[in-house]
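Hello,

Here is the structure you asked about, followed by notes on what was found in it. Please keep it open while you read.

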Amino acid sequence: MASWSEFAADEPRLADGIRVLMQQYGPGFGYLATVRADGGPRVHPVSPVITDEGLFCFIIDSPKRRDLERDGRYALHSFPPEESDDEAYVAGHAHPVTDQARVARLAARAGAASQVDWRLFEFTVDVAMLSRRDTGSAGGPGEGCGRPAVQVWLDPHADDRPADLTPVVPQTRPARRGRRDVHRSAA
């Protein structure tokens, strides 16, 4: 499980593209998917915080927080931009941050209200994906803005994880660790 900082050091352009989409409206904005107690998915809007230290979320007392406390698996997807079909996605595991100095530093930076019952979680990155549409060729109605260019990064140390926890990502050629550039038609 790579930290956001490790991922960003390995693939700075990809990390920057994901950060830009997650923070396109100022503070972070995206959809967080967690795993309910019955194994089903749950999706919530959140405000991720991306710094040089990592990828974080302040989570109030809620079903999503209980999901993360019980089963830390998550997926985070960017909010769609108004002018394109570009998208960003990261998935991995969420871990509560217990270092109070770090919590206070990030709370001050993000403007997290101290009177609210929230907990800070750091999100590791097992897989990261950025999809951008080629704006040079127009598609037909409902087809977006042309061919997507998809970049996928898999944690190169993921071989340490059990096979049943290996992330599933769309592929058009044999899997390999590290960065992949995949181009697909909009069909």
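Two strands pair if DSSP finds at least two bridges between them. Helices (H or I, at least four residues) and strands (E, at least two) are DSSP runs, numbered from the N terminus. By that rule, β1 and strand β2 (residues 41-46) run antiparallel and are joined by six bridges. One residue of this pairing is Val35, which stands opposite Pro41 in β2. The two strands form a hairpin with five residues between them, and Gly39 in the turn has a positive phi of about 90°.

This is a predicted model, in which local features need pLDDT of at least 70 and side-chain atom pairs count only at pLDDT 80 or more, while totals for chains, interfaces and linings use all residues. Residues are numbered from 1 along each chain as its sequence is written, and side-chain values use heavy atoms, with hydrogens and water left out.

Overall make-up

The protein has four helices and 10 strands. Read from the N terminus, the order of elements is α-α-β-β-β-β-α-β-β-α-β-β-β-β. Of its 187 residues, 43% count as buried; buried means under 20% relative accessible area, exposed over 50%, and partly exposed in between (1.4 Å probe, protein chains only). Contact means heavy atoms within 4.5 Å. Among contacts with a separation of 6 or more, 63% are between residues 24 or more positions apart. About 10,000 Å² of the protein is exposed, and carbon and sulfur atoms supply 52% of that. Accessible areas come from the Shrake-Rupley method with a 1.4 Å probe; for residues, only the protein chains shown count as cover.

The nonpolar cores

A nonpolar core is a set of buried Ala, Val, Leu, Ile, Met, Phe, Trp, Tyr and Cys residues joined through side-chain atoms within 4.5 Å. The largest one holds 26 residues, and those touching the most other members are Trp4, Phe7, Ile18, Tyr74 and Phe123. Two or more residues each come from α1 (4-10), α2 (12-22), β4 (55-60), β5 (73-78), β6 (87-96), β7 (118-123) and β8 (127-133). α2 gives the largest share, five residues. Leaving aside residues up to four places away in sequence, Phe123 touches Trp4, Leu32, Leu55, Cys57, Leu68, Tyr74, His93 and Ala94. Another core, of nine residues, lies apart from this one and includes Val49, Phe56, Val97 and Ala107.

Two helices with a buried side

In α2, the buried residues are Leu14, Ala15, Gly17, Ile18, Leu21 and Met22. They lie on the same side of α2, because they cover an arc of only 160° around the axis. The arc is that of the directions from the helix axis to the C-beta atoms. Pro12 and Arg13, on the other side of α2, are exposed. The buried residues of α2 pack against α1, β3 (49-50), β5, β6, β8 and β9 (148-154).

Helix α3 (residues 63-70) has Lys64, Arg65, Asp67 and Leu68 buried. Their arc is only 155° around the axis, so they too are on the same side of α3. These buried residues pack against β1, β2, β4, β5, β6 and β7.

Strand β8 and its partners

Five of the seven residues of β8 are buried. β8 pairs with β6 in the antiparallel sense over five bridges, and Ser131 is the bridge partner of Glu87. β8 and β9 also run antiparallel, joined by seven bridges; in that pairing, Leu130 stands opposite Gln151 in β9.

Aromatic pairs

Rings of Phe, Tyr and Trp (its six-membered ring) pair if their centres lie within 6.5 Å; planes under 30 degrees apart count as stacked, over 60 as edge-to-face and the rest as tilted. The count is eight aromatic pairs. One of them is the tilted pair of Phe29 and Tyr31, at 6.3 Å centre to centre and 45° between the planes. Phe29 also forms a tilted pair with Phe79, at 4.6 Å and 35°. Phe29 lies in the loop between α2 and β1 (30-35) and Phe79 in the loop between β5 and β6, so this pair ties together parts that are 50 residues apart in sequence. Tyr25, Phe29, Tyr31 and Phe79 form one aromatic cluster. Within this cluster, Phe29 is partly exposed at 28% relative accessible area, Tyr31 is partly exposed at 32%, and Phe79 is partly exposed at 24%.

Regards
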